[in-house]
Amino acid sequence: MDKMWVKGGNTLNGRVSASGAKNAVLPIVFSSLLADGKHRFENVPDLLDIKSTQVILESLGCTTQYEAGVLSVEVEEPKEKLAHYDYVRKMRASVLVLGPLLARYGEAKVSLPGGCAIGTRPVNMHLEAMEALGATVDIAEGYIIASAEGGLKGGRILFETATVGGTENALMAAVLAKGETVIENAAKEPEVVDLCNYLIKMGAQISGVGTGILTIKGVDQLKPAQHRIIPDRIEAGTLLIAGAITGGEVTVTNCEPQDLQPLIAVLREAGFKVDTGYGEVTVRPQSQWRAVDVTTSPHPGFPTDLQAQYMALMTQADGTSLITESVFENRFMHVQELTRMNADITPKTRVAVIRGEKGQLTGAPVMATDLRASACLVLAGLVAKGETVVSRIYHLDRGYDQLEKKLQSLGAEIKRVSE
Ligand code: UD1
């Protein structure tokens, strides 16, 4: 198992490119199950989650090939419409095969994802959406067993809270359902928009894209298409925070400034100068900047996927900040590890109080508990006195394409070490 070694103290400067968005590519690639033939995706990041996606698609009869950022998927009907526990347990997003399989074949057996480090993360809203489209859903021996004799039928889906994955599963089911489906309180994340755009390229009829109400007119058949995945706003945000926390000037290229607005607004409020250009964002150093409170919420709010990285930044702020996690119930696992690096943080159930002070962090061996928590610890390591070793970085590899190389190119002293 690899670890990440970081020596703190270097100022990061320069230009660095964002990769394609993990959270966009996963649902889009799973949506290829909706149409037989060859699908082609560009700007696909080199991630462990992509390898997991290939494995699950191959278990469903597809042929996949990944090379130099291009993923090709050739789809044909699977013998078994089954997503095994071994796959879903490794990557929760595998539950996104439910909608496409049910829509195309009227049946699907998909393992329940189970718990995860950032909370129980149930899939009840995914299942309710399938039922609203006429499916019968049972749970047996840890599996979701769904069927729709005669196919899915359009219906009204009202999500009690906005759910990214639930909206994506519902969309992928509705595009081939008979008649019209209306999804209310749909997630508005850029990744949901990117999925809509690919479904539309395949021939789906969707209106209201990017809003909380999506209307889908079911079609009989879809055809494979080609698509360039949007840039990863979470990776781009992580790299901007790397610039800010080390007091450097970092430009992230090949990103979408509009999708980064929630972070840019908070960085500006804290006193950083942030400039946006065509496909790029620059954060410039400030001798004095202050702590700013943040509450995570669905898009266009502050993303929960940047909460941990932002907390690393706030440990260096001049003053006290409150970070409220309103999306997930248990997403402060990084707090204990930051505390081991001498951060002054009091976590409550959903709120953490961070008493910032420049230079307070000291290097330590720490353990990554989830994907974004890993990024938080790497960022903290960049400014800690001495050396930090982050273990369990397979979490990091799930969602960051060569983060250490990108940070090295900006001047960080960081390397991957094998145990
Ligand atoms: C996706 C992202 C994840 C991000 C999250 C919120 C992917 C692959 N992952 O996760 O990185 O942090 O959106 O932006 O895109 N919930 C239920 N029942 C359900 C579904 C969700 O109670 O059926 C709850 C969740 O536990 C959570 C909240 O709803 O508290 C939002 O979760 P959701 O938007 O569904 O997150 P994911 O799609 O799992």
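**View 1. Asn-23, Val-164 and Arg-331 reach the ligand's oxygen atoms in this predicted model****.** A side-chain N or O atom of Asn-23 sits 3.0 Å from an oxygen atom of the ligand. Val-164 uses its backbone instead, with an N or O atom 2.8 Å from a ligand oxygen. Arg-331 brings a polar side-chain atom to 3.5 Å from an oxygen atom of the ligand. (A polar contact is a pair of N or O atoms within 3.5 Å.) On its own the ligand exposes 740 Å², and the protein buries 82% of that (Shrake-Rupley accessible area, 1.4 Å probe).

**View 2. The shell around the ligand draws on both domains****.** Counting a residue as near when one of its heavy atoms lies within 4 Å, there are 15 residues around the ligand, and Asn-124, Met-125, Thr-163, Asp-305 and Val-327 come nearest. Helices α5 (124-132) and α6 (164-174) each chip in at least two residues, and α5 gives the most, with three. (Helices are DSSP runs of H or I with at least four residues, strands are E runs of at least two, and both are numbered from the N terminus.) By class, the shell has six nonpolar, six polar and three charged residues; Asp, Glu, Lys and Arg count as charged, Ala, Val, Leu, Ile, Met, Phe, Trp, Tyr, Cys and Pro as nonpolar, and the others, Gly among them, as polar. Because domain 1 (2-16 + 232-418) and domain 2 (24-227) both give residues to this shell, the ligand lies between them (bounds from an automatic or database domain assignment).

**View 3. The second largest pocket holds about 200 Å³ of space****.** A pocket here is an open set of points on a 1 Å grid over the protein atoms alone, where a 1.4 Å probe fits, with protein on both sides within 12 Å along at least five of seven lines; lining residues have an atom within 4 Å of a point. The volume is the space filled by probe spheres set on the points, which are joined across faces, edges and corners. Of the 16 lining residues, Ile-245, Thr-246, Gly-247, Lys-358 and Val-383 are closest to the pocket's centre. Both α8 (233-246) and α12 (371-383) supply at least two lining residues, and α8 gives the most, with three.

**View 4. Ala-68 has a positive phi****.** Its phi is about 45 degrees, although Ala-68 is not a glycine. Ala-68 is in the loop between β4 (63-67) and β5 (70-75).

**Notes.** Residues are numbered from 1 along each chain as its sequence is written. In this predicted model, local features need pLDDT of at least 70 and side-chain atom pairs pLDDT 80 or more, while totals for chains, interfaces and linings use all residues, and side-chain values use heavy atoms, leaving out hydrogens and water.

Methods: A polar contact is a pair of N or O atoms within 3.5 Å; within protein, one must be able to donate a hydrogen and the other to accept it, and residues adjacent in sequence count only if both atoms are side-chain atoms.
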